[in-house]
Amino acid sequence: MPLAFITGGGGGLGSETALRAHELGWDVAIFDLSRDRAAQVLEKLPDAHFFEGDVTDEASAVAALDALDRVPDLLVNNAGIVKFQPLLDTSTEDFARMISINLTGAFTMARLFAERMIKRGSGSIINITSTGGIATSPGTNAYASAKRGLAAMTEIMALEWGPLGLRINSVAPGMIHGGMSSGIYDDPSVAERRSKGVPLRRLGTERDIAHAVMWLASDEASYVNGHELVVDGGMTKAAMAMIPR
Ligand SMILES: NC(=O)c1ccc[n+]([C@@H]2O[C@H](COP(=O)([O-])OP(=O)(O)OC[C@H]3O[C@@H](n4cnc5c(N)ncnc54)[C@H](O)[C@@H]3O)[C@@H](O)[C@H]2O)c1
């Protein structure tokens, strides 16, 4: 069975991706800051590997890779944090922390996995970006900067590692009712208002993202490389529709 390694796999989108991978017959390894964070998904997937680690701590990633009996077939670079604030209120330390987890951490993980996947001659890496990096808005700050950077890095990886047998793509979730955005929608009127700006007239679900990730990871996507798959119900295409005529 192929093995999927999911960073931030205890969170909303990561857990759902782990569950989808399992449904499709994959073995699953979850890498997250603490076992507590992954408790719910580990209860549902008792056979999953779990590794406590931090994407900004290279040694913890190497330890996880060394503990596995084989090189994973798929890395989902999903771990991420968000903090929205105006640029003028942002310290250099805050900015650097956001970049360090969302962008540098993804790079470190990808390089460590790619070194091993290239030796085998196959593998797939999927970086979770965000429509925040495509259609920026005030306050999105280092998060949007990191995500746009991650989309660019995906393309560079695809160019450099494609010839060595790897496929590298990204998935950009739009407005998702789940994961780090759950709190935004505690007030149902927010979900209702926001849905009106989406051509499909609904928010996305964690499941929508898990399906997209696992399709990209599948052989059905075997000729897809360097692509950013936007899963947003058409939201980022709706800019002109929002401009008064
Ligand atoms: N939920 C959304 O609306 C949305 C939209 C666009 C993009 N995304 C992206 O999807 C990904 C998953 O987000 P989510 O919504 O599931 O959030 P979440 O907060 O539910 O999950 C994130 C997970 O990452 C883990 N994590 C954080 N820092 C880490 C680190 N340094 N090392 C290892 N693990 C770490 C957390 O413990 C958590 O389990 C993120 O990259 C996020 O930017 C989410």
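Strands here are DSSP runs of E, at least two residues long, and they are numbered from the N terminus. Strand β7, residues 228-231, is one such run, and Val-231 belongs to it. The model shown in every view is predicted.

**Figure 1. Overall view of the predicted model.** The protein has eight helices and seven strands. Its C-alpha atoms fill a box of roughly 60 × 40 × 40 Å along the principal axes. The radius of gyration is 18 Å, which agrees with the value near 18 Å for a compact globule of 245 residues. Of those 245 residues, 49% count as buried. Among contacts with a separation of 6 or more, 70% join residues 24 or more positions apart. The accessible surface comes to about 12200 Å². Carbon and sulfur atoms hold 55% of that surface. The protein carries 22 positive and 29 negative charges, and the mean positions of the two sets lie 6 Å apart.

**Figure 2. Val-231 and its contacts in strand β7.** Val-231 sits in β7, which spans residues 228-231. Neighbours within four places in sequence are set aside in this view. Val-231 is then in contact with Val-171, Ala-172, Pro-173, Gly-174 and Ile-176. Asp-208, Ile-209 and Ala-212 are also in contact with Val-231. Val-171, Ala-172 and Pro-173 fall within the range of β6 (166-173). Asp-208, Ile-209 and Ala-212 fall within the range of α7 (206-217). Val-231 and Asp-208 are 23 residues apart in sequence. Their C-alpha atoms are 7.5 Å apart.

**Figure 3. Val-82 in the loop between β4 and α4.** This loop runs between β4 (74-77) and α4 (92-120). Val-82 has a relative accessible area of 28%, so it counts as partly exposed. Beyond its neighbours within four places in sequence, Val-82 is in contact with Met-98, Tyr-143 and Met-180. Met-98 falls within the range of α4 (92-120). Ala-64 is 18 residues from Val-82 along the chain, yet their C-alpha atoms are separated by 25 Å.

**Figure 4. Tyr-143 in helix α5.** Tyr-143 is buried, because its relative accessible area is 9% and the limit for buried is under 20%. Leaving aside neighbours within four places in sequence, Tyr-143 is in contact with Ile-81, Val-82 and Phe-84, among others. Met-98, Asn-102, Ser-130 and Met-180 are contacts of Tyr-143 too. Met-98 and Met-180 are also in contact with Val-82. Tyr-143 and Asn-102 are 41 residues apart in sequence. In space, their C-alpha atoms are 7.3 Å apart.

**Figure 5. Two residues with positive phi, Asn-141 and Arg-201.** Most residues other than glycine have a negative phi. Asn-141 has a positive phi of about 55 degrees. Asn-141 lies in helix α5, residues 141-161. Its relative accessible area is 11%, so Asn-141 is buried. Arg-201 is not a glycine either, and its phi is near 60 degrees. Arg-201 is placed in the loop between α6 and α7 (206-217). At 55% relative accessibility, Arg-201 counts as exposed.

**Figure 6. Buried and exposed residues of helix α6.** Helix α6 covers residues 188-195. Val-190, Ala-191 and Ser-195 are its buried residues in this view. They cover an arc of only 130 degrees around the axis, so they lie on the same side of α6. An α-helix has 3.6 residues a turn, so residues three or four places apart point the same way. Glu-192 and Arg-193 are on the other side of α6 and are exposed.

**Figure 7. Asp-186 in the loop between β6 and α6.** Asp-186 follows strand β6 (166-173) and lies in the loop that leads to α6. Its relative accessibility is 64%, so Asp-186 counts as exposed. Asp-186 and Ser-34 are 152 residues apart in sequence. Their C-alpha atoms are 26 Å apart in space.

Conventions: Residues are numbered from 1 along each chain as its sequence is written. This is a predicted model: local features need pLDDT of at least 70, side-chain atom pairs count only at pLDDT 80 or more; totals for chains, interfaces and linings use all residues. Side-chain values use heavy atoms; hydrogens and water are left out. Helices (H or I, at least four residues) and strands (E, at least two) are DSSP runs, numbered from the N terminus. The radius of gyration is taken over C-alpha atoms; the globule rule is 2.2 Å times the number of residues to the power 0.38. Buried means under 20% relative accessible area, exposed over 50%, partly exposed in between (1.4 Å probe, protein chains only). Contact means heavy atoms within 4.5 Å. Accessible areas come from the Shrake-Rupley method with a 1.4 Å probe; for residues, only the protein chains shown count as cover. Lys and Arg count as positive and Asp and Glu as negative; His and the chain ends are not counted. The place of a charge is taken as NZ of Lys, CZ of Arg, CG of Asp or CD of Glu. The arc is that of the directions from the helix axis to the C-beta atoms.
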